[in-house]
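Thanks for coming, everyone. Let me put the structure up, and then we'll walk through two spots on it.

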Amino acid sequence: MSTGGTAPLLRVQDLHLDFGGVKAVDGLSFQVNEGDLLSLVGPNGAGKTSAFNCITGFYKPTGGSITLHGADITGLRPSAIAARGTSRTFQNLRLFGELTVLDNVRAGTHLRLRQNALDALLHTPRFRRSEREATDEANRWLDFVGLRGDRGGLARNLPYGEQRRVEIARALARRPTVLLLDEPAAGLNYGEKTELLDLLHRISGLGTAIVLIEHDMDLVMQVSRRIVVLNFGREIADGTPEEVRRNPDVIEAYLGKDDEEEATSEEMMSRE
Amino acid sequence: MTTNFATSPTRASALFDRLQQNRYLGLIGLAVAALAPFITATNYALSVMTSALLFVMLAVGLNIVVGYCGLLDLGYAAFFAIGAYVSGVLATRYGWPLLATVPVVIVAAVVAGIVIGGPTLRLRSDYLAIVTLGFGEIIRITANNLTITGGPSGIYGIPGITLLGIDLSGPVGLYYTCVVVVALAVLGAARLGRSRLGRAWRFIREDEDAAEAMGINTYRVKLAAYIGGAIWGGLAGILFGAQLSAISPPSFTFLWSALILMAVVLGGMGSTPGVVLGAIFISVLPELLREAADYRYFVFGILLIVVMIFRRQGLWPARAVERQSRRDLREAEKHDAGKAKEVVP
Ligand SMILES: Nc1ncnc2c1ncn2[C@@H]1O[C@H](COP(=O)(O)OP(=O)(O)OP(=O)(O)O)[C@@H](O)[C@H]1O
Ligand SMILES: [Mg+2]
């Protein structure tokens, strides 16, 4: 599966995560290469979000290792992992609802702003400059994701689809090398999904590697360069959309053993 | 919650919004404070007004912790006590001028902030409330039992403030000293609130996990809020000692922490004008209710309840919207014209 000689950007090896008796992730391994667009798919409860939470430090894996740019990041706190170049969105939209849209996106610039408390107290030129930079950059990312709503208003007042965009803009403002998106198409209408597809291509065009969790198989098949299929916390397939579509294990996972003759896995999966 | 009249787009609220965004608001407040003694300058009135100013300083300090960062602190008076005692002890036992005690008080406040915040800020918010409550009591009981702090009778004979040979210890001098210090404290807290650090505090208040995901070390940023609050409280403690010239453990009971918190909540958490207003309200109202004698705190309580029922977000809630500057809008237009494609960093 490896592409050429360079070390992978993100490598997940034999990842385990137990919740009491539940094996949410059970020996998952996969890797993300520079500029990859990888989708993580699987039935509900397969452990996709849990895997994200391990990679981004929100859960401590009970076993296995995760490396980013070749450095071990297993068990670091989320902010330390984010500082090393990952950025994520959440399955259930986690915006700062009572703050403005601009402030939400400014969060992504936090680590790059050069100002300290003294600059803020004295309003030094350095302070003014970095505030201006934060605002400009926030505006640019909001342009990039195509936000139409009011940027000075509260994030929670935007329509749902727009909130999804803001969350992606916020994650992009972190300028990640790996962007992890947890079901960005959930709850979007057809038009919005088309725009999301375009957005994903443009993000990919920036050279950012994307790991996408998604149930909408049309979207996944169109956008992914590679697909990793999970079931019961294990990887059951890893390949191009074409390979995964034909993989008997995938068909079985989605259909059960009995009626695998007719439907392809793709058809079944898009019934979610 | 969305139907609250403070956020509904009525004419009154538009006016209110504009007022809030007025950059001269602070100057107006300062002018009011500076001119108040020209209306009444009895010793009693000056002492009430000085106390009100101290209360304002405490409230904006606590607002950093509670309003900006969303951490519940039920023992804030502890930092106030530390400031008052450290400067009081240095001044009365070692003959330091009060001004010279400022750096020591700041250091003591920072240390206290780290000692109490360090282990507890890893806990969830409800535990924090209990621990801070305990901390407030520990400081008071410690002061009650140590000899250096004068035990139950406390410290007396704390000198007034002198600056470059000018004696500011009289009621008028002290009042104006407080006007200057508190004005700077309010401005400073407001500026911190509108900086990178202030935004990080609000991100944590809104969603700690999402803040972490943006690379913000929430533990350190929370500790910074705690230390900031401690410094504000400690410095207010110096002024408190100068005003009363005597301090003792009963000056720092839980009631103080509760009243300061009440000022923040009543005024509007996270809102500088709101918190200032809330502090003045809480400190002056009981004086105005003196007529009611024994019932004064009863009436006070009723009034608080009424205010909180009708203005749940506080007297002057935090400004919710941000008007985009003309420069930003111009930028946005330029982008639209150029069909923003390659402009992204
Ligand atoms: N915090 C938790 N505590 C206990 N069990 C959990 C926790 N988080 C996830 N699980 C369990 O781990 C398993 C994997 O859940 P996960 O959320 O990772 O699935 P998913 O693939 O993201 O599913 P979906 O497509 O529904 O989002 C499930 O059985 C779930 O109940
Ligand atoms: Mg999930």
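Start on chain B, with a nonpolar patch on the surface. Keep in mind that this is a predicted model. The patch covers about 780 Å². Seen along the chain, its members are B:Tyr295, B:Phe298, B:Ile302, B:Ile305, B:Val306, B:Ile309 and B:Phe310.

Take one of them, B:Ile302. It sits in helix α13 of chain B, which runs over residues 296–310. Is B:Ile302 buried or exposed? Neither: its relative accessible area is 41%, so B:Ile302 counts as partly exposed. The cut-off for joining a patch is over 30%, so B:Ile302 passes on that point.

Now over to ligand 1. There are 14 residues around it. Which come nearest? A:Lys48, A:Thr49, A:Ser50, A:Gln91 and A:His215.

Look at A:Lys48 again. An N or O atom in its side chain is 2.8 Å from an oxygen atom of ligand 1. A:Asn44 also places a polar side-chain atom 2.9 Å from an oxygen of the ligand. With A:Tyr59, the ligand atom is a nitrogen, and the distance to an N or O atom of the side chain is 3.2 Å. How much of ligand 1 does the protein cover? On its own, the ligand has 630 Å² of accessible area, and the protein covers 65% of that.

Where does the shell come from? In chain A, β2 (22–32) and α1 (48–55) each give at least two residues. Helix α1 of chain A has the largest share, with three. By class, the shell holds seven polar, five nonpolar and two charged residues.

Terms used
Residues are numbered from 1 along each chain as its sequence is written. Chains are lettered from A and ligands numbered from 1 in the order in which they are written. This is a predicted model: local features need pLDDT of at least 70, side-chain atom pairs count only at pLDDT 80 or more; totals for chains, interfaces and linings use all residues. Side-chain values use heavy atoms; hydrogens and water are left out. A residue is near a molecule or strand if one of its heavy atoms lies within 4 Å of it. A polar contact is a pair of N or O atoms within 3.5 Å; within protein, one must be able to donate a hydrogen and the other to accept it, and residues adjacent in sequence count only if both atoms are side-chain atoms. Accessible areas come from the Shrake-Rupley method with a 1.4 Å probe; for residues, only the protein chains shown count as cover. Helices (H or I, at least four residues) and strands (E, at least two) are DSSP runs, numbered from the N terminus. Ala, Val, Leu, Ile, Met, Phe, Trp, Tyr, Cys and Pro count as nonpolar, Asp, Glu, Lys and Arg as charged, and the others, Gly among them, as polar. Patches are made of residues with over 30% relative accessible area and no salt bridge: like charges are joined within 9 Å, nonpolar side chains (Val, Leu, Ile, Met, Phe, Trp, Tyr) within 5 Å. A salt bridge is a side-chain nitrogen of Lys or Arg within 4 Å of a carboxyl oxygen of Asp or Glu. Buried means under 20% relative accessible area, exposed over 50%, partly exposed in between (1.4 Å probe, protein chains only).
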